[in-house]
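Hi everyone, thanks for making time this morning. I'd like to walk you through a structure, so please have a look at the screen.

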Amino acid sequence: VLEEYVRANPSLLRGYHLLCEALWEMEAFDEAHKVIRSSPPELRKTLHMKILDGETLFRAGQYEKAESFYNNCLNTDGWDENIVRALAITYEALGKTAKANDLYGEIMTECQQCRTRLDPFIKARYADTSFELGNMSGAILELYLSLAQELPGERAQYYRKISQIY
């Protein structure tokens, strides 16, 4: 059904996203890349399609390729929170915790400068990577206290980290 939808509506991003999601679930990563590459050239250049391409590499476990892809996007298109976020997650998968932490910190700084609400996921990943790197400062403690209020379902996990910092 999704393949027919994409063929009938080749310029709509939503169809590509849904089709890639379905292909990822089936672990048909090569097929997902074919779908992305078959999109119209103007659509293929969009941030959304680039994110789908990088996510396909990541989900296929091709972390080094995903890292290179995201870095290339940043070099050619400039800073974008979605790409930086995906690169940070990729760094974590590669065990490059310090690099991931730096990128999460960069996103947090951008959000504070723009005065936009900080995504709890970014806040949590920054706190966790900082904690993993041995940073148990008051600032990290404050982040965990804030996260315990924002994400009640994760409170027990955050309180464990808080008690370890103390």
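I'll start with the chain overall, then go to the cores, and then visit a few residues one by one.

First, a reminder that this is a predicted model. The protein chain has 11 helices and 0 strands, so if you read along the sequence you get α-α-α-α-α-α-α-α-α-α-α, by the definition of helices used here. The C-alpha atoms fill a box of roughly 60 × 35 × 30 Å along the principal axes. There are 166 residues in the protein chain, and 41% of them count as buried.

Two more numbers on the chain as a whole. Among contacts with a separation of 6 or more, 43% come from residues 24 or more positions apart. The accessible surface is about 9,500 Å², and carbon and sulfur atoms account for 50% of that. As for charge, the chain carries 19 positive and 25 negative charges, and the mean positions of the two sets are 1 Å apart.

Now for the inside. Nonpolar side chains in soluble globular proteins tend to be buried together. Here, the largest nonpolar core has 32 residues. Which of its members touch the most other members? Those are Tyr 70 and Tyr 144. Helices 5, 6, 7, 8, 9, 10 and 11 each supply at least two residues of this core. In sequence terms, helix 5 covers 47-59 and helix 11 covers 155-165. There is also a second, separate core of 14 residues, and Val 6, Leu 19, Phe 29 and Met 49 are among its members.

Let's stay with Tyr 144 for a moment. Setting aside residues up to four places away in sequence, Tyr 144 touches Ala 127, Asp 128, Phe 131, Tyr 158, Lys 161, Ile 162 and Ile 165. Two names in that list carry charged side chains, Asp 128 and Lys 161, and I'd like to take them in turn.

Asp 128 has its place in helix 9. Is Asp 128 buried or exposed? Asp 128 counts as buried, because its relative accessibility is 10% and the cut-off for buried is under 20%. The side chain of Asp 128 is joined to that of Tyr 144 by a polar contact of 2.6 Å, and to that of Lys 161 by another of 3.1 Å. Beyond its neighbours within four places in sequence, Asp 128 is in contact with Tyr 144, Gln 157 and Lys 161.

On the other side of that second pair, Lys 161 sits in helix 11. Lys 161 is buried too, at a relative accessible area of 17%. Leaving out residues up to four places away, Lys 161 touches Asp 128, Phe 131 and Tyr 144. So Asp 128, Tyr 144 and Lys 161 are worth picking out together on your screens, because each of the three has heavy atoms within the contact cut-off of the other two.

Next, helix 7, where we find Tyr 91. Tyr 91 is buried, with a relative accessible area of 7%. Its contacts, not counting neighbours within four places in sequence, are Glu 67, Asn 71, Lys 96, Lys 99, Ala 100 and Leu 103. From Tyr 91 to Arg 44 the C-alpha distance is 25 Å, with their positions 47 residues apart in sequence.

Over in helix 5 is Ile 51, which is partly exposed at 26% relative accessibility. With neighbours within four places left aside, Ile 51 is in contact with Tyr 70, Asn 82 and Ile 83. You met Tyr 70 a minute ago in the largest nonpolar core. Ile 51 and Ser 137 are 86 residues apart along the chain, and their C-alpha atoms are separated by 34 Å.

Gly 138, in helix 10, counts as partly exposed at 46% relative accessibility. Its C-alpha lies 9.6 Å from that of Tyr 166, and the two are 28 residues apart in sequence.

One last stop, on the backbone. Most residues other than glycine have a negative phi. Which sign does phi take at Glu 27? At Glu 27 phi is positive, near 60°. Glu 27 is in the loop between helix 2 (13-25) and helix 3 (29-37), and Glu 27 is exposed, with a relative accessible area of 61%.

That's my tour, and I'm happy to go back to any part of it.

Key
Residues are numbered from 1 along each chain as its sequence is written. This is a predicted model: local features need pLDDT of at least 70, side-chain atom pairs count only at pLDDT 80 or more; totals for chains, interfaces and linings use all residues. Side-chain values use heavy atoms; hydrogens and water are left out. A nonpolar core is a set of buried Ala, Val, Leu, Ile, Met, Phe, Trp, Tyr and Cys residues joined through side-chain atoms within 4.5 Å. Buried means under 20% relative accessible area, exposed over 50%, partly exposed in between (1.4 Å probe, protein chains only). Helices (H or I, at least four residues) and strands (E, at least two) are DSSP runs, numbered from the N terminus. Contact means heavy atoms within 4.5 Å. Accessible areas come from the Shrake-Rupley method with a 1.4 Å probe; for residues, only the protein chains shown count as cover. The place of a charge is taken as NZ of Lys, CZ of Arg, CG of Asp or CD of Glu. A polar contact is a pair of N or O atoms within 3.5 Å; within protein, one must be able to donate a hydrogen and the other to accept it, and residues adjacent in sequence count only if both atoms are side-chain atoms.
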